[in-house]
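Work through these exercises with the structure open beside you. Try each task before reading its solution.

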Amino acid sequence: MIVEQISVFVENKAGSIEKVTKALADAGIGIRTFCTEDGSDFGILRMLVTDPKKAETVLKNSGFSAFCNKVVAAKCANKTGSLSYLLNKLAERNVSVEYMYAYQDNDEAKVVLRTKDIELCNTIIEEQ
């Protein structure tokens with residue numbers, strides 16, 4: 001399923017991520033899952049939230065550099081080899097994964113994938 005993800009550039013210093021999460025909490029926006037990527041002075045905080053467009057506005061109004069982009073959230077069975085199988089299907093169709101992270105959604109494992117071709121990635125996953 002194609003979903004909107006919010007990405008935020010945050011300084012690599014104490015309290016930076018807390019300021020992002022407080023701005024979202026104060027706006028009534030829930031965080032479903034997240035991942036961070038480290039850089040030298042800044043990192044990227046990527047999140048699936050309950051209202052991505054509102055989150056983008058709230059964070060920009062709070063002084064953060066934030067933007068929405070599309071990613072694919074795919075179900076992944078909780079058994080050995082499931083992720084390998086999924087990634088193999090993408091590789092067979094020449095879909096390169098830029099990054100990914102996982103989370104638990106109720107009783108289902110989900111993998112969030114970012115690729116250059118979101119539509120093709122989603123189609124391949126839906127065919128499985």
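**Exercise 1. Find how strands E2 and E3 pair, and what joins them.**

Step 1. This is a predicted model. In it, locate strand E2 at residues 31-37 and strand E3 at residues 42-49.

Step 2. Check the direction. E2 and E3 pair in the antiparallel sense, over six bridges.

Step 3. Pick one facing pair. Cysteine 35 stands opposite arginine 46 in E3.

Step 4. Trace the link. Four residues carry the hairpin from E2 to E3.

**Exercise 2. Describe the pairing of E5 with E6 and the turn between them.**

Step 1. Strand E5 covers residues 97-105, and strand E6 covers residues 108-115. They run antiparallel and are joined by eight bridges.

Step 2. Aspartate 105 faces glutamate 108 of E6.

Step 3. Two residues lie between the strands of this hairpin. Asparagine 106 sits in the turn, and its phi is positive, about 55°.

**Exercise 3. Decide whether methionine 47 is buried or exposed, then list what surrounds it.**

Step 1. Place the residue. Methionine 47 belongs to strand E3.

Step 2. Apply the cut-off. Buried means under 20% relative accessible area. Methionine 47 has 1%, so it is buried.

Step 3. List its contacts, skipping neighbours within four places in sequence. They are Gln5, Ile6, Val8, Val20, Leu24, Ile31, Thr33, Phe34 and Tyr101.

Step 4. Add a distance. From C-alpha to C-alpha, methionine 47 and cysteine 68 are 9.6 Å apart, with 21 residues of separation in sequence.

**Exercise 4. Map the largest nonpolar core.**

Step 1. This core has 16 residues. Those touching the most other members are Ile6, Val8, Val20, Leu24, Met47, Val49 and Leu59.

Step 2. Ask which elements build it. Strand E1 (2-11), helix H1 (16-26), E3, helix H2 (52-61) and strand E4 (65-75) each supply at least two residues.

Step 3. Look elsewhere. Another core, of 12 residues, lies apart from this one; its members include Val72, Ala74, Cys76 and Ile124.

Step 4. Zoom in on isoleucine 6. Beyond four places in sequence, its contacts include Leu45, Met47, Val49, Pro52, Leu59 and Phe67.

**Exercise 5. Name the buried residues of H2 and say what they pack against.**

Step 1. The buried residues are Pro52, Ala55, Glu56, Val58 and Leu59.

Step 2. Their packing partners are E1, H1, E3 and E4.

Step 3. Go just past the helix. Glycine 63 follows H2 and has a positive phi of about 95°.

**Exercise 6. Characterise asparagine 94.**

Step 1. Asparagine 94 is in the loop between H3 and E5.

Step 2. Its phi is near 65°, a positive value in a residue other than glycine.

Step 3. Exposed means over 50% relative accessible area. Asparagine 94 has 71% relative accessibility, so it counts as exposed.

**Exercise 7. Describe the largest pocket and its lining.**

Step 1. Start with the space. The largest pocket holds about 220 Å³.

Step 2. Find the walls. Lining residues include Met1, Lys75, Cys76, Tyr85, Leu86, Asn122, Ile125 and Glu126.

Step 3. Assign elements. Helix H3 (82-92) and helix H4 (118-127) each give at least two residues to this lining.

Step 4. Sort by class. The lining has six nonpolar, three polar and three charged residues.

Conventions: Residues are numbered from 1 along each chain as its sequence is written. This is a predicted model: local features need pLDDT of at least 70, side-chain atom pairs count only at pLDDT 80 or more; totals for chains, interfaces and linings use all residues. Side-chain values use heavy atoms; hydrogens and water are left out. On a 1 Å grid over the protein atoms alone, a cavity is a set of points where a 1.4 Å probe fits but cannot get out, and a pocket is an open set with protein on both sides within 12 Å along at least five of seven lines; lining residues have an atom within 4 Å of a point. Grid points are joined across faces, edges and corners, and a volume is the space filled by probe spheres set on the points. Ala, Val, Leu, Ile, Met, Phe, Trp, Tyr, Cys and Pro count as nonpolar, Asp, Glu, Lys and Arg as charged, and the others, Gly among them, as polar. Two strands pair if DSSP finds at least two bridges between them. A nonpolar core is a set of buried Ala, Val, Leu, Ile, Met, Phe, Trp, Tyr and Cys residues joined through side-chain atoms within 4.5 Å. Buried means under 20% relative accessible area, exposed over 50%, partly exposed in between (1.4 Å probe, protein chains only). Contact means heavy atoms within 4.5 Å.
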